[in-house]
Amino acid sequence: MFEQLTQLVQQFGQEAVVNNNAVPNEHNEAVMNEAGNSIFSSLQQMASGGGIEKLAGLLQGNNAQDPSNPAVQQITQQLTGSLGEKFGLSSSDAAGVAGSMIPKILGGLVGKANDPNDSFQLTDLIGAISGGGTQTSGIMDAISKYGTQFGLDQNADGKLDMDDAIAATKNKGGIGGFLGKLFGK
């Protein structure tokens with residue numbers, strides 16, 4: 001996840017940070033690193049701190065690109081505060097940088113995780129932010145629980161697992177269709 005996140009920060013940081021006169025050039029790289037760190041730590045807090053609903057909402061459809069999404073707002077606010085505190089940016093400049101980067105980066109990250117042609121998958125994202133182990137399985141269990149309610153149990157065995165993804169690949173146009181249905185696309 002770190003590699004994908006870093007690539008997206010570099011991609012979307014060019015306009016929001018490097019080409020922004022409000023950010024002194026000597027701070028460009030540090031500001032972009034702070035954006036990546038803020039996203040990662042915020043997602044970890046959501047995964048561990050009872051914010052599973054926010055995290056699930058972030059992973060559905062195009063919600064990661066929606067500035068009014070509660071998870072996007074939380075991460076944007078965290079980065080805004082951090083940029084002001086660490087780099088002396090004014091509140092409006094910090095909010096402008098964070099507001100222009102966070103939705104794009106999150107949208108790109110979730111898009112990569114939901115792209116069946118990308119080697120980075122949803123389980124990689126959830127595993128990275130939850131630290132693996134029981135938290136990862138707990139989040140995946142929650143997805144499974146709600147997924148069966150929305151008709152994603154392709155083989156009617158009462159659980160949502162890789163067998164359903166394989167069945168979706170054969171029956172519904174690939175894993176992308178399955179994940180799209182899972183996350184409301």
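Is Glu-34 buried or exposed? In this predicted model, where local features need pLDDT of at least 70, side-chain atom pairs count only at pLDDT 80 or more and totals for chains, interfaces and linings use all residues, Glu-34 turns out to be buried, with a relative accessible area of 11%. (Buried is under 20% relative accessible area, exposed is over 50% and partly exposed is in between, using a 1.4 Å probe and protein chains only.) Residues are numbered from 1 along each chain as its sequence is written, and side-chain values use heavy atoms, with hydrogens and water left out.

The overall layout comes first. The chain has nine helices and zero strands; here helices are DSSP runs of H or I with at least four residues, strands are runs of E with at least two, and numbering starts at the N terminus. Of its 185 residues, 43% count as buried. Contact means heavy atoms within 4.5 Å. Among contacts between residues at least 6 apart in sequence, 58% join residues at least 24 apart.

Back to Glu-34, which sits in helix α2. Setting aside neighbours within four places in sequence, Glu-34 is in contact with Leu-79, Ser-82, Leu-83, Lys-86 and Phe-87. These five partners are among the α4 residues that meet α2.

Two packed helices are described by the angle between their axes and the distance between the axes. Axes are lines fitted to C-alpha atoms, for helices over the stretch in contact, and the angles run from 0 to 180 degrees between N-to-C directions. For α2 (residues 28–48) and α4 (residues 70–87), the angle is about 140° and the axes are 9 Å apart. That makes α2 oblique to α4, given that angles under 35 degrees count as roughly parallel, over 145 as roughly antiparallel, 65 to 115 as roughly perpendicular and the rest as oblique. The crossing of α2 past α4 is right-handed; that is, the near helix is turned clockwise from the far one by less than a right angle, while anticlockwise would be left-handed. On the α2 side the contact residues include Ala-30, Glu-34, Ser-38, Ile-39 and Gln-45, and on the α4 side they include Gln-74, Ile-75, Leu-83 and Lys-86. Sorted by class, this contact holds eleven nonpolar, seven polar and two charged residues. (Ala, Val, Leu, Ile, Met, Phe, Trp, Tyr, Cys and Pro count as nonpolar, Asp, Glu, Lys and Arg as charged, and the others, Gly among them, as polar.)

Helix α2 also packs on α5, at an angle of about 60° and with the axes 11 Å apart. The two are therefore oblique to each other, and this crossing is right-handed as well. Val-31, Met-32, Ala-35, Ile-39 and Leu-43 of α2 meet Val-97, Met-101, Ile-102, Ile-105, Leu-106 and Leu-109 of α5. What classes turn up there? Eleven residues are nonpolar, with no polar and no charged ones.

Then there is the largest nonpolar core, with 39 residues, of which Val-17, Ile-39, Leu-43, Leu-83, Met-101 and Leu-106 touch the most other members. (Such a core is a set of buried Ala, Val, Leu, Ile, Met, Phe, Trp, Tyr and Cys residues joined through side-chain atoms within 4.5 Å.) Its largest share, ten residues, comes from α5. One of the well-connected members, Leu-106, lies in α5 and is buried, at a relative accessible area of 1%.
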